[in-house]
Amino acid sequence: MIVMEWLICFIATVAFGVIFNIPLRLLWWGGAAGVAAWIVYSTLPELGMSPVFAAAAAAFVAAFAAHWLAIWKKVPVTMFTIPGIIPLVPGGRAYSTMLAFVEENHIRGLEQGVQTFMQAGAIAAGLVFALSLFSIGKGVGQRYETEN
Amino acid sequence: MVRGKKTMDICLLSGRLLLRYGAETYRVEDTMVRMAKAAGMNNVHSFVTTTGIFLSFKTEEDYDSMQMIRIKERYQDLGKVTEVNQLAREFTYGDITLDETQERLKAIKDAPMHYPLWFIYLASGIGGGAFSYLVGGSYFDMLPAFIGGTATTITLVLIQRVLKVKFFAEFAAALTGGIMALIMVNGGFGTELNQVIIGSLIPLVPGVPLTNAVRDLMSGDLVAGVARGSEAMVTSLSIAAGVALALSIFYM
């Protein structure tokens, strides 16, 4: 049953790769990154973590895998990060936000909207954290000049 | 002189292709600087925003060269980004000459999209159907979500082709997808409305601007990062407005 879910997640991620015109030889790896993200995202809440934390952790896993794959395959990392985070997109929450606003239930709409933004922010945080790990020593100085 | 001019041409062309088909800002800047340096230019500087490219360098004869180009259209074709990236890598390592690079860049520029349009329609349907299962968990509802997802992308492409207005095309596509989903579920073809609507609309997700905004902001390209973030935001709002309109028509 759970394997079926992973398979469907893989199909979804690969199909999104086609929508973004990612070459065929890279598609499968992006799909694998997406499935890894989905496993983390669906398992962590069962262990008692909050969904927002799960989204951040899953985005981190996907982005980390994407950076390794990009170095290995010598292609831009976007080829793997974009399909990797697709399963995490808070589509359901965004929809319930809109539904609540259409039904003029504004309090519920705001609540759902804040949750949507929290999840989007968590995905960004996961991406940023993985990116920082892979740009150690390559970034630019900020705030204090401590070089000399 | 001639060499400087040719270098400028190939650098700008590769920058234009990268930016137009969805590469990150820092990659565009980095690629152009590396190519110009590999061709023997000095004092190379580039500045790229989401909508324009500046490049300046000094040729070997100490002749200053500077150009700016405007990028109007932005597509999502990461296949072309990979190809230009590969070509720039080969040129930087000195594997191919200036003329060869120019020819191959032109070939990439004139090539059709990486996948044919019908295949992208099909992928939208499959992606929408499969994603809807991840949201809702009902096997039967994957079928209406497949139809909805395909219809959404077909509407998007057709309206974009005729009207050439990006955000309106996204709005209209979301509206069509939403109405299709509502009709199918209300007509008994599909059980859970949430799942079908989300599956129908998910192909519109602005994946490229979203991830690129994060990367641009992190690498210090603040102007480009904010611009891309706003693009993703406006797209999301267009989709939201489309769904809201579809829902209001049905719940009147």
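Where does UniProt place the feature "transmembrane region" in chain A? The unreviewed entry puts this feature at residues 7-28, 48-70, 77-96 and 116-136 of chain A. UniProt positions are given here in the numbering used for this structure, with feature names shortened, and such annotations may be inferred rather than shown by experiment. The structure itself is a predicted model, in which local features need pLDDT of at least 70 and side-chain atom pairs count only at pLDDT 80 or more, while totals for chains, interfaces and linings use all residues. Residues are numbered from 1 along each chain as its sequence is written, chains are lettered from A and ligands numbered from 1 in the order in which they are written, and side-chain values use heavy atoms, with hydrogens and water left out.

Two of those annotated spans can be looked at in the model. Residues 7-28 of chain A come out as 82% helix and 0% strand, with 12 Å between the end C-alpha atoms. For residues 116-136 of chain A, the figures are 90% helix and 0% strand, and the end C-alpha atoms lie 31 Å apart. Helices here are DSSP runs of H or I with at least four residues, strands are runs of E with at least two, and both are numbered from the N terminus. UniProt also lists, again in an unreviewed entry, "domain: Threonine/Serine exporter ThrE" for residues 7-130 of chain A. That span is 81% helix and 0% strand, and its end C-alpha atoms sit 25 Å apart.

On to chain B. Its secondary structure adds up to 10 helices and three strands, and from the N terminus on the elements go α-α-β-β-β-α-α-α-α-α-α-α-α. Along the principal axes, the C-alpha atoms of chain B fill a box of roughly 75 × 30 × 30 Å. Chain B has 252 residues, of which 55% count as buried. Buried means under 20% relative accessible area, exposed means over 50%, and partly exposed is in between, using a 1.4 Å probe and protein chains only.

The three strands of chain B make an open sheet, in the order β1-β2-β3, with antiparallel pairing. At the edges are β1 and β3 of chain B, each of which pairs on one side only. On average, neighbouring strands of this sheet are turned by 5° against each other, direction ignored; axes are lines fitted to C-alpha atoms, for helices over the stretch in contact, and angles run from 0 to 180 degrees between N-to-C directions. Two strands count as paired if DSSP finds at least two bridges between them. In general, strands of a sheet pair through backbone hydrogen bonds, either parallel or antiparallel.

Strand β1 (residues 42-48) of chain B pairs with β2(B) over five bridges, and the two form a hairpin with three residues between them. Here B:Asn42 stands opposite B:Lys58 in β2(B). On to the next pair: seven bridges join β2(B) to β3(B), with B:Ser56 matched to B:Met66 in β3(B). As for cover, five of the seven residues of β2(B) are buried.

The hairpin of β2(B) and β3(B) has five residues between the strands, and there B:Asp62 takes a positive phi near 65°. Most residues other than glycine have a negative phi, and most peptide bonds are trans. B:Asp62 is exposed, with a relative accessible area of 58%. Chain A offers another case: A:Glu104 has a positive phi near 60°. This residue is found in the loop between α5 (91-102) and α6 of chain A, and A:Glu104 is exposed at a relative accessible area of 62%.

Finally, the inside. A cavity is a set of points on a 1 Å grid over the protein atoms alone where a 1.4 Å probe fits but cannot get out, and its lining residues have an atom within 4 Å of a point. Grid points are joined across faces, edges and corners, and a volume is the space filled by probe spheres set on the points. By this rule, there is one cavity of 30 Å³ or more, and the volume of the largest cavity is about 60 Å³. Its lining is made up of A:His67, A:Thr81, A:Leu127, A:Val128, A:Leu131, B:Thr211, B:Val214 and B:Arg215. Two or more of the lining residues come from each of α6 (106-134) of chain A and α9 (207-218) of chain B.

How values were computed: On a 1 Å grid over the protein atoms alone, a cavity is a set of points where a 1.4 Å probe fits but cannot get out, and a pocket is an open set with protein on both sides within 12 Å along at least five of seven lines; lining residues have an atom within 4 Å of a point.
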